[in-house]
Amino acid sequence: MLPEIDPPPPFTITRASHLVLTSRDLANARDFYTEVIGLKVSNETATTIHFRGVEERGHHSLTLRATKDRAECEYIGFRASDEQDVENAFRHFEARGFQTRFVNVPFQSRTLRVNDIGGTPLEICARMKTLERSHARMHEQKGAGAQRLNHFQILVPDVATAVAFYCAFGFRVFEYTCVGERLVGALLHRKNDPHYLVLQEGSGPQLHHVAYIVQEAHHLIRAIDAASHLKFDQVIEQGPVRHDHSFRLYVRDPDGHRIALLLPPIQVIDADDGGERHDVERATMRTSVHKHATPFAELKGIAPRPVRTTAQFGDRNPSGLREEGNCYLAEEGAVSARAHETAM
């Protein structure tokens, strides 16, 4: 079911690093991310804003770019261990026929761009300009006081193919979910966090959400209060609700991008900790006092684009999964399509 991990990997990814979103109203989005989410502005121009969490030293974990078109996610980014690993990543993808290119990105070291096996656009860099952490300056924190970027969740037509793609360069599966013998969801990680990347079966590639860590549960309430005071209260999508041992809040930014705010997750440290299977057929046996948080039933059915994942309002997605209890449940009539075998 799961691919074999053959250490050492051809290059080392250390964590989820950053993402690039576009916005049709940059000023409005700036207010949302600073006042509700609580991110800090690292740099700002008339067309681009870079943000970071209050405990992040890296220059940015979120970049917003102005657009007049549909708001989209242009890239999700991972950090490599060093510059040699970026070069090794280039060689790894080139040898397998993926289209790759090096680009100069402000505040990042030489950055490799490549689409994954399903068409999700990736950036990989080893270094980023560093700034002072502001986590101890409590009087400056606003809204949720988001601490750091945690993970991305991506919709892909073929989860098994996508999992094999990422496990080929060192990702490990913490948990996975099946419908019969079909892999329909997986939590992937590199270091001690249980998930830096979540893959879920659905029409894609699409960005379901990006997640930030908050320090305590009351910060979720602060985010709601800030949103209400600043007339962003319509962006509250779901929560705070119980999510395993923790709580989560799901909100939409003014352009429709979904943001998850969550408390610090459990730690996954040992090599033999992980690979837990959940079966959809047994989901009715798993109960929870609280409804599970992630609003899979609200996925939007935007046609996939070859270079960008999307996070847009629109028609409901007729395929994919919803969540109930702690399990992924297949939507009635959902089908799985094979992902492209080569990068778009």
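## Backbone geometry and a pocket in a predicted model

Strand β14 (residues 236-243) contains Pro240, where strands (E, at least two residues) and helices (H or I, at least four) are DSSP runs numbered from the N terminus. The peptide bond from Gly239 to Pro240 is cis, with omega near 0°. A second cis bond joins Gly204 and Pro205, with omega about 15°; Pro205 belongs to the loop between β12 (197-201) and β13 (206-213).

This is a predicted model, in which local features need pLDDT of at least 70, side-chain atom pairs count only at pLDDT 80 or more, and totals for chains, interfaces and linings use all residues. Residues are numbered from 1 along each chain as its sequence is written, and side-chain values use heavy atoms, without hydrogens and water. The chain averages a pLDDT of 80, and 75% of the residues score at least 70; pLDDT is the predictor's confidence in each residue, from 0 to 100.

Most residues other than glycine have a negative phi. The table gives two residues with positive phi; exposed means over 50% relative accessible area, buried under 20%, partly exposed in between (1.4 Å probe, protein chains only).

| Residue | Phi | Loop | Relative accessibility |
|---|---|---|---|
| Phe107 | near 75° | between β6 (100-103) and β7 (111-115) | 27%, partly exposed |
| Lys231 | near 65° | between α4 (218-229) and β14 | 63%, exposed |

Phe107 counts as partly exposed because its relative accessibility is 27%.
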